[in-house]
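Empty spaces inside a protein can be read as carefully as the chain that surrounds them. Please look over the structure shown here before reading the report that follows.

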Amino acid sequence: MNLSALLTSAGINIAFCAILVSLYSILRKQPGNVNVYFGRRLAQCGPKRNDPFCLDRLVPSPGWIKKAWETSEQEILSVGGMDAVVFIRIVVFSIRIFSIAAVICVFLVLPVNYYGQEMHHRHIPSESLEVFTIGNVHKGSKWLWVHCFALYIISCSACVLLYIEYKNITNMRLAHITGSPPNPSHFAVLVRSIPKSSEQSYSDLVQKFFANYHASSYLSHQMIYESTSVHKIVAEAYKKLGAPSMKKSSTPSLIRCGLCGVPPNSFKILSNDPEPVKDKVELDSRTSGEEGASAFVFFKTRYAAVIASQVLQSSNPMSWVTNLAPEPHDVYWSNLCTPYRQLWIRKIATLLAAIVFVFLFLIPVTFVQGLTQLEQLQQTFPLLRGLLKKTVVSQVVTGYLPSVILILFLYTVPPTMMLFSAMEGSISRSGRKKSACCKVLYFTIWNVFFVNVFSGSVISQWSVISSFKDIPTQLARAVSTQASFFMTYVLTSGWASMAVEVVQVFPLLCNYFIQFILKKDPSNETLSFPYHTEFPKVLLFGLLGFTCAIMAPLILPILLVYFFLAYLVYRNQIINVYISKYESGGKTWPIVHNTTIFSLVLAQIIAIGVFGLKRSPVASGFTIPLVIGTLLFNEFCRERFRPIFEGCAATVLIEMDRQDERTGRMEQIHRQLLSAYYHPKHTSPDASSRGGRSNHSQDGTAPVI
């Protein structure tokens with residue numbers, strides 16, 4: 001591919017982005033689109049009256065860019081939670097490190113690559129992109145020390161910035177834990193695989209076990225019921241009985257109760273007549289369904305709950321399995337009654353299914369790589385030879401079409417991996433999304449980077465991978481030749497995807513379909529941030545930046561444009577569109593750190609292979625200590641920061657418990673715990689009103705799964 005083909009792809013994507021961004025600045029002003037572009041604000045503040053029509057609605061304006069730029073990190077934290085802040089910090093880190101890399105590589109490495117061989121240079125737009133890569137440097141060149149020096153600066157800068165970010169996010173996580181209102185998940189433990197008894201119910205077994213072995217700290221428990229078809233009868237019965245009369249009405253609110261997570265004005269005020277409620281309670285207790293072998297167990301203190309969740313409860317590790325419970329609105333209810341003994345089988349099955357999916361994906365990837373090779377394309381399709389000789393057609397086919405096709409196939413990956421993660425048996429929605437995020441990340445790194453680098457038949461790819469001693473050399477040969485594809489991929493998957501993200505194409509089309517085809521008012525359902533798709537995308541671009549920095553420096557300005565766009569677009573979406581439905585407390589940052597370290601080490605290994613191919617043993621020798629130093633830095637960060645993201649310090653929990661006891665809040669927390677966990681769909685309409693009826697200490701009824 002020559003530079004003109006890359007410029008053609010850049011021009012297409014710039015025009016595409018400019019059109020969509022201008023369209024967005026107009027569409028966001030239309031009253032009919034307020035639920036698409038201001039879903040979070042609409043859920044929080046409620047609907048507003050329509051403003052009178054004015055011509056300003058039809059004129060594009062950059063006001064949203066200014067607002068996104070001026071929003072502080074504290075505002076992001078208040079509206080999007082800590083997970084949103086962590087995601088923005090990834091983008092900020094990428095801007096900083098690749099700004100350093102761009103300055104070093106564009107002004108030092110790029111001239112060395114371009115003049116690496118004595119040759120007659122053509123007009124720059126007609127130059128092949130290989131001229132701008134390290135492949136153009138002749139063997140034994142003394143100028144390879146420039147590449148080694150640049151690699152040292154990039155690696156050291158990345159480690160320093162990573163340490164600063166890890167430390168800041170760790171402090172932010174500790175402040176989040178200590179500064180948040182009392183959370184039911186801090187006092188609750190999810191117990192699974194309760195042994196079955198023919199003489200006692202699961203509920204009696206749980207009460208007997210924890211009252212015996214955790215007598216000083218056990219508070220109460222709540223059984224989880226398996227769903228049965230009888231709940232349809234229950235729902236119909238409630239409709240026939242009628243809802244209790246209400247003396248006051250309320251409007252929806254996004255401000256949630258600090259303990260149970262439901263809107264404070266969603267509680268119904270019952271009439272003084274107890275008969276209807278009594279009838280409903282009796283009906284609910286008779287048709288609760290079958291008890292599952294799982295329960296939420298509540299403890300008097302946070303420290304006692306953590307100890308109970310970490311200690312082996314039985315000599316049989318497959319019985320009385322305990323984990324800290326997720327937050328009430330983070331619970332993934334459909335997996336709570338999954339038999340614990342099935343989980344290892346489910347994990348193996350999903351692993352095998354993911355491997356099969358990876359191999360099936362080799363088909364489109366191999367096809368895409370065939371499009372980048374113009375000579376092979378002409379030999380395979382001789383009838384198209386005349387058409388492919390046209391400059392514009394060849395530039396579009398080799399520079400734009402391959403990345404578009406790959407992106408279209410990649411759209412199938414996140415929902416597939418989310419399905420696999422749900423089948424594994426995750427007990428929380430955030431855990432399911434985190435698992436899907438890791439799967440999508442591994443999948444994209446393998447298919448977008450490694451499979452494209454080792455392009456060719458599946459057999460030849462296996463032959464390359466099987467010879468481990470030649471991996472650095474093979475990577476060195478392949479990365480520089482595939483750099484042109486990675487540049488076009490960043491242009492298409494990066495720049496264009498930001499424009500599509502800000503316009504919200506699919507929700508916008510659904511909104512128009514509901515309004516103009518179905519003739520209905522659009523729903524006010526809000527969206528949660530798609531972390532499982534955006535985290536892998538940003539980290540993949542980071543990997544491409546590190547591995548191609550000294551190999552093909554032209555990719556760095558393209559990446560910087562993407563990260564600046566991402567900074568503005570994602571901040572705008574977090575402020576206006578997406579709502580935080582659950583919070584993981586920044587637990588995704590260790591994934592970011594590990595992926596960045598992997599990218600750095602991979603770039604250093606590739607550099608060793610390149611220096612070996614260029615017959616520069618001195619540069620290769622100087623790079624080996626850099627690999628060792630990076631791995632030691634990672635080990636230090638793992639020991640210093642990682643435990644804080646896996647648990648909470650005993651001193652912090654005990655101090656929080658003592659503070660609640662001194663202020664007299666502990667008794668109120670205990671009362672509210674009894675009604676914190678309920679199924680949002682299958683409980684009766686008045687479950688929130690009845691409060692703690694699902695607790696064993698009162699009448700034994702519980703949420704139904």
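## The second largest cavity

In this predicted model, the second largest cavity has a volume of about 90 Å³. Its lining is made up of 13 residues, and those that lie nearest the centre of the second largest cavity are S94, L539, G542, F546 and T596. Two or more residues of this lining come from each of the elements α5, α22 and α24, the last of which covers residues 589-613.

Among the contributors to the second largest cavity, α22 gives the most, with five residues in the lining. When the lining residues are sorted by class, eight are nonpolar and five are polar, while no charged residues appear in the lining of the second largest cavity.

## The largest cavity

The structure holds three cavities of 30 Å³ or more, and in the largest cavity there is about 110 Å³ of space. This largest cavity is also lined by 13 residues, and G80, F529, Y531, I579 and S580 are the ones that lie nearest its centre.

Helix α5, which runs over residues 73-114, gives the most to the lining of the largest cavity, although its share comes to three residues. By class, the lining of the largest cavity divides into seven nonpolar, three polar and three charged residues, whereas the lining of the second largest cavity has no charged residues.

## The second largest pocket

Turning from cavities to pockets, the second largest pocket has a volume of about 1,300 Å³. Of the 47 residues that line this pocket, Y411, V500, E501, F506 and E534 are the closest to its centre. The helices that each supply at least two residues of the lining include α1 (3-27), α16 (401-410), α20 (471-503) and α22 (531-548). In the lining of the second largest pocket there are 29 nonpolar, 14 polar and four charged residues.

## Glutamate 501

Which helix holds E501, one of the residues closest to the centre of the second largest pocket? E501 lies in helix α20. Although E501 is buried, it has no salt bridge, and the nearest side chain of opposite charge, that of K537, is 6.6 Å away. A salt bridge would need a side-chain nitrogen of Lys or Arg within 4 Å of a carboxyl oxygen of Asp or Glu. If neighbours within four places in sequence are left aside, E501 is in contact with V569, Y570, Q573 and Y578.

## Alanine 619

A619 has its place in helix α25, which spans residues 617-640. Is A619 buried or exposed? A619 counts as buried because its relative accessibility is 5%, and the limit for a buried residue is under 20%.

A619 and H147 are 472 residues apart along the chain, yet their C-alpha atoms are separated by 8.6 Å. When residues up to four places away in sequence are not counted, A619 touches C148 and F611.

## The chain as a whole

The secondary structure of the chain comes to 29 helices and four strands. Of the 705 residues in the chain, 52% are buried. Among the contacts in the chain with a separation of 6 or more, 82% are accounted for by residues 24 or more positions apart.

Key:
Residues numbered from 1 in each chain as written. Predicted model: local features only at pLDDT ≥ 70, side-chain atom pairs only at ≥ 80, totals over all residues. Heavy atoms only, no water. 1 Å grid on protein atoms, 1.4 Å probe; cavity = no way out; pocket = protein on both sides within 12 Å on 5 of 7 lines; lining within 4 Å. Points joined across faces, edges and corners; volume = space filled by probe spheres on them. Nonpolar A, V, L, I, M, F, W, Y, C, P; charged D, E, K, R; others polar. Buried < 20%, exposed > 50% of the residue type's maximum accessible area, 1.4 Å probe, protein only. Lys, Arg positive; Asp, Glu negative; His and termini not counted. Contact = heavy atoms within 4.5 Å.
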